[in-house]
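Colleague: I am new to this structure. Please take a close look at one part of it, a residue in a loop, and then relate that part to the rest of the chain.

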Amino acid sequence: MRPFVVCALLLLKVTLGNACASGEFTESGQCCSLCPAGFGVVVDCGKEDTQCAPCPRGTFSPSEGFERCLPCARCPFSVPTVASCSATSNTQCECDNGYFFLSSHNLCAPCSRCAHGEGVARECGLQGDTVCQICGAGTFSEDLVSTKPCQKCTQCSDSEVEIRPCMPNSDTLCMDKKLDILSRPADGTRDATRWPGGDGAMEDGESSPAPETPKFTPQDPGDSNNILAYMSVLAAVVLGLLVYVAYKCWRSCKQKKALSKARAAELGNPPEGEKLQSDSGVFLDSYSLQDNQPSKGTKRDSKQDNRLYINLPPHRQQEVERLLQEGSGRGWRHLGAALGYEPEQLDLFGRGEAPAHTLLSNWAQKEGSTLGLLCSALARIERPDVLTALNSPTQGVSVV
């Protein structure tokens with residue numbers, strides 16, 4: 001009897017499968033209910049149907065399903081809140097242009113860019129990161145890194161011939177059907193046509209003088225010479241593409257080697273007491289540098305420690321970012337690790353064009369982002385040149 005009941009339940013599931021929105025069933029064969037938006041699962045569907053409950057304050061559920069309510073995100077310090085969290089939508093934060101709010105890490109991350117042959121389906125903004133799609137039939141995107149939708153393919157006119165059809169990563173290639181340099185005389189004689197480089201048409205009955213410069217003379221009837229010209233241009237285009245691909249591969253390998261060396265340097269620990277050299281040529285000991293940091297005992301030092309990095313003049317911020325971005329030695333990744341950032345967050349910053357600016361801008365939005373903490377982190381990664389630019393914008397550091 002029991003096998004018969006199981007078979008009946010399976011038959012019922014197959015019969016009602018299309019009518020059941022969730023596609024899940026209880027042990028008794030009842031269709032499992034989906035929790036609507038704003039509600040989360042309290043008890044999973046199993047012996048009984050799904051049990052849902054409204055999302056409590058501080059949580060949300062954006063769509064119906066079998067998910068539990070998610071915690072609301074909080075905008076970073078100094079980042080404006082566009083919309084507060086509700087039962088059906090997460091908090092929306094207004095990041096700068098070129099950035100979007102990554103709720104899983106509570107930070108503004110650089111926007112992604114679409115690859116070659118892809119276009120933007122949804123722009124980066126309040127809704128999240130850029131959404132890309134492969135260009136479909138009749139559209140293309142030739143940009144190596146695109147921030148625009150796919151473009152409509154060009155249609156060759158009646159006076160042109162299609163050399164190469166439109167593809168997702170390149171537009172249609174058209175050429176004129178008739179090229180002046182390959183035109184034949186209307187009557188088939190050479191004397192009646194003005195050829196390139198010649199002195200003009202010759203009168204009837206006169207013999208053509210010997211040309212001073214080589215002239216192109218079509219030899220095959222019809223459009224055979226035109227086809228040869230088209231094939232020559234196409235071969236030149238293909239050769240140029242191959243050279244470009246080879247250059248990109250070489251550059252990519254070079255960048256990967258440089259990244260491997262940088263990561264290896266992150267894992268290495270420099271010997272204690274190692275001497276550091278600043279841009280001004282003054283050698284500083286790492287322990288002496290830490291000893292020379294502002295102490296908390298005096299009012300002047302306390303005031304300097306408590307100044308916020310975000311209030312620093314823009315030209316000094318740019319100088320610090322430039323040194324961390326371009327300077328030799330330990331750079332912005334080491335500083336980010338010293339400030340408490342995870343490797344995943346640093347990888348997100350590295351996707352942008354100015355990762356040092358992204359790191360310090362994000363850190364400046366946090367509470368307690370003072371110059372004292374930044375100086376301490378720079379001392380730990382042993383960058384006295386950045387400390388010089390941070391503390392003495394007009395003159396170098398004097399060390400006794």
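Modeller: Helices (H or I, at least four residues) and strands (E, at least two) are DSSP runs, numbered from the N terminus. The model is predicted, with local features requiring pLDDT of at least 70 and side-chain atom pairs pLDDT 80 or more, while totals for chains, interfaces and linings use all residues. Residues are numbered from 1 along each chain as its sequence is written, and side-chain values use heavy atoms, with hydrogens and water left out.

The part I will look at is Thr-91, which sits in the loop between β5 (81–83) and β6 (92–93). Thr-91 counts as buried because its relative accessibility is 11%; buried means under 20% relative accessible area, exposed over 50%, and partly exposed in between (1.4 Å probe, protein chains only). The side chain of Thr-91 has a polar atom 2.8 Å from the backbone oxygen of Ala-73. Such a polar contact is a pair of N or O atoms within 3.5 Å; within protein, one must be able to donate a hydrogen and the other to accept it, and residues adjacent in sequence count only if both atoms are side-chain atoms.

Ala-73 is also one of the residues that Thr-91 touches once residues up to four places away in sequence are set aside. The others are Cys-72, Cys-75, Thr-81, Ala-83, Ser-84, Cys-85 and Phe-101. Contact here means heavy atoms within 4.5 Å.

The UniProt record, an unreviewed entry, lists "domain: TNFR-Cys" for residues 19–52, 54–93, 94–132 and 134–174. Its positions are in the numbering used here, feature names are shortened, and annotations may be inferred rather than shown by experiment. In the span 54–93, the end C-alpha atoms are 24 Å apart, with 0% helix and 25% strand. For residues 94–132 the end C-alpha atoms are 21 Å apart, and that span is 0% helix and 38% strand.

Another loop residue offers a second view of a buried side chain. Ser-146 lies in the loop between β11 and β12, and Ser-146 is buried, since its relative accessible area is 1%. The Ser-146 side chain reaches the backbone oxygen of Lys-148 at 3.1 Å. Outside its neighbours within four places in sequence, Ser-146 makes contact with Arg-113, Cys-114, Glu-118, Val-120 and Ser-141. The C-alpha atoms of Ser-146 and Gly-119 are 6.5 Å apart, although 27 residues separate the two in sequence.

Leu-144 is found in the loop between β11 (139–140) and β12 (151–152). Leu-144 counts as partly exposed because its relative accessibility is 40%.

Lys-148 also pairs with Asp-143 in a salt bridge, at 3.6 Å from N to O. A salt bridge is a side-chain nitrogen of Lys or Arg within 4 Å of a carboxyl oxygen of Asp or Glu. Asp-143 is partly exposed, at 31% relative accessibility, and Lys-148 is partly exposed as well, with a relative accessible area of 42%.

Over the whole structure, a search finds seven salt bridges. One of these joins Arg-68 to Asp-44, with the closest N and O atoms 3.5 Å apart. This pair links distant parts of the chain: Arg-68 is in the loop between β3 (59–60) and β4 (70–71), Asp-44 is in the loop between β1 (39–43) and β2 (51–54), and the two are 24 residues apart. Arg-68 is partly exposed, with a relative accessible area of 43%, and Asp-44 is partly exposed, with 47%.

Further along the chain, Arg-333 and Asp-347 meet through their side chains in a salt bridge of 3.2 Å, N to O. Arg-333 belongs to helix α6 (residues 332–338) and Asp-347 to helix α7 (residues 343–350), so the pair ties together parts 14 residues apart in sequence. Arg-333 counts as buried at 17% relative accessibility, whereas Asp-347 is partly exposed at 37%.

Arg-383 is in the loop between α9 (371–380) and α10 (384–391). Arg-383 counts as buried because its relative accessibility is 2%. A polar atom of the Arg-383 side chain lies 2.3 Å from the backbone oxygen of Arg-330.

For the protein chain as a whole, there are 10 helices and 16 strands. Of its 400 residues, 30% are buried. Among its contacts with a separation of 6 or more, 48% come from residues 24 or more positions apart.
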